[in-house]
Amino acid sequence: KTAVIMQNNPNFKLIALGYTDAEGSDAMNTKLSKQRASAVVNYLAKIGVPKNQLELRAMGKANLVDKRNTSKGKANNRRVEFLVEML
């Protein structure tokens, strides 16, 4: 559905924000969050979303949604969120 919405709205820009858990160094988490967001952006481009409508941002361990130091808590923080902006 995301691809269809983007294809039908060329004035929208989708920003994929990649996040990680709090484990590891800032540099490692920045790299990992960039890879996570990049995978999503690459997939959307592959299924037809124009590249000029896509952007990614590596957020690292900023904005943890789950503060628990458990496997479930860490998994909840490993995510990609979308922001939509008008071009």
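Which side chain meets that of Glu 81 in a salt bridge? The partner is Arg 79, with N and O 2.8 Å apart. The model is predicted, and a search of the whole structure finds 7 salt bridges. The strands form an open sheet of 3 strands in the order S2-S1-S3, with mixed pairing. The points below take the sheet, the helix that lies across it, the charged pairs and some loop residues in turn.

**Sheet**

- Strand S1 covers residues 12-19 and strand S2 covers residues 54-60; the two pair in the parallel sense over 6 bridges.
- S1 also pairs with S3, here in the antiparallel sense and over 7 bridges.
- S2 and S3 stand at the edges of the sheet, and each has a single partner strand, so one side of each is left without a neighbour in the sheet.
- Direction ignored, neighbouring strands of this sheet are turned by 25 degrees against each other on average.
- Ile 15 has a partner on either strand: Glu 55 stands opposite Ile 15 in S2, and Leu 83 is the bridge partner of Ile 15 in S3.
- In a regular strand the side chains alternate between the two faces of the sheet.

**Helix H2 and the β-α-β unit**

- Helix H2 (residues 26-46) joins with S1 and S2 in a β-α-β unit, and this unit is right-handed.
- H2 lies across S1, S2 and S3.
- Relative to S2, H2 runs at about 155 degrees.

**Lys 13 and its network**

- Lys 13 is placed in strand S1.
- The relative accessible area of Lys 13 is 19%, and the cut-off for buried is under 20%, so Lys 13 counts as buried.
- The side chain of Lys 13 makes a polar contact with the side chain of Glu 55, at 2.6 Å.
- A network of salt bridges links Lys 13, Glu 55 and Arg 57.
- Not counting residues up to four places away in sequence, Lys 13 touches Met 6, Gln 53, Glu 55, Leu 83, Val 84, Glu 85 and Leu 87.

**Other salt bridges**

- Side chains of opposite charge can pair when their charged atoms come close.
- Asp 21 forms a salt bridge with Arg 78, and the closest N and O atoms are 2.7 Å apart.
- This pair links distant parts of the chain, with the two positions 57 residues apart in numbering: Asp 21 is in the loop between S1 and H2, and Arg 78 is in the loop between helix H3 (71-77) and strand S3 (80-86).
- Asp 21 is buried at 8% relative accessibility, whereas Arg 78 is partly exposed at 38%.
- Asp 66 forms a salt bridge with Arg 68, and here the closest N and O atoms are 2.6 Å apart.
- Asp 66 is buried, with a relative accessible area of 10%, while Arg 68 is partly exposed at 45%.
- In the pair named at the start, Glu 81 is partly exposed at 31% relative accessibility, and Arg 79 is buried at 12%.

**Loop between S2 and H3**

- Asn 63 lies in the loop between S2 and H3.
- The phi of Asn 63 is near 55 degrees, a positive value in a residue other than glycine.
- Most residues other than glycine have a negative phi.
- Leu 64 is also placed in the loop between S2 and H3.
- Leu 64 is partly exposed, with a relative accessible area of 25%.
- Leaving aside neighbours within four places in sequence, Leu 64 is in contact with Thr 20, Asp 21, Ala 22 and Asn 77.
- Leu 64 and Ala 45 are 19 residues apart in sequence, and their C-alpha atoms are 27 Å apart in space.

**Loop between H2 and S2**

- Asn 52 has its place in the loop between H2 and S2.
- At 56% relative accessibility, Asn 52 counts as exposed.
- Asn 52 and Pro 10 are 42 residues apart in sequence, and the distance between them in space is 9.2 Å, C-alpha to C-alpha.

Methods. Residues numbered from 1 in each chain as written. Predicted model: local features only at pLDDT ≥ 70, side-chain atom pairs only at ≥ 80, totals over all residues. Heavy atoms only, no water. Pairing = 2+ DSSP bridges. Helix = DSSP H or I, 4+ residues; strand = E, 2+ residues; numbered from the N terminus. Right-handed = clockwise from strand over helix to strand, strands pointing away. Buried < 20%, exposed > 50% of the residue type's maximum accessible area, 1.4 Å probe, protein only. Polar contact = N/O pair within 3.5 Å; in protein donor to acceptor, adjacent residues only side chain to side chain. Contact = heavy atoms within 4.5 Å. Salt bridge = Lys/Arg side-chain N within 4 Å of Asp/Glu carboxyl O. Axes fitted to C-alpha atoms, helices over the stretch in contact; angles between N-to-C directions.
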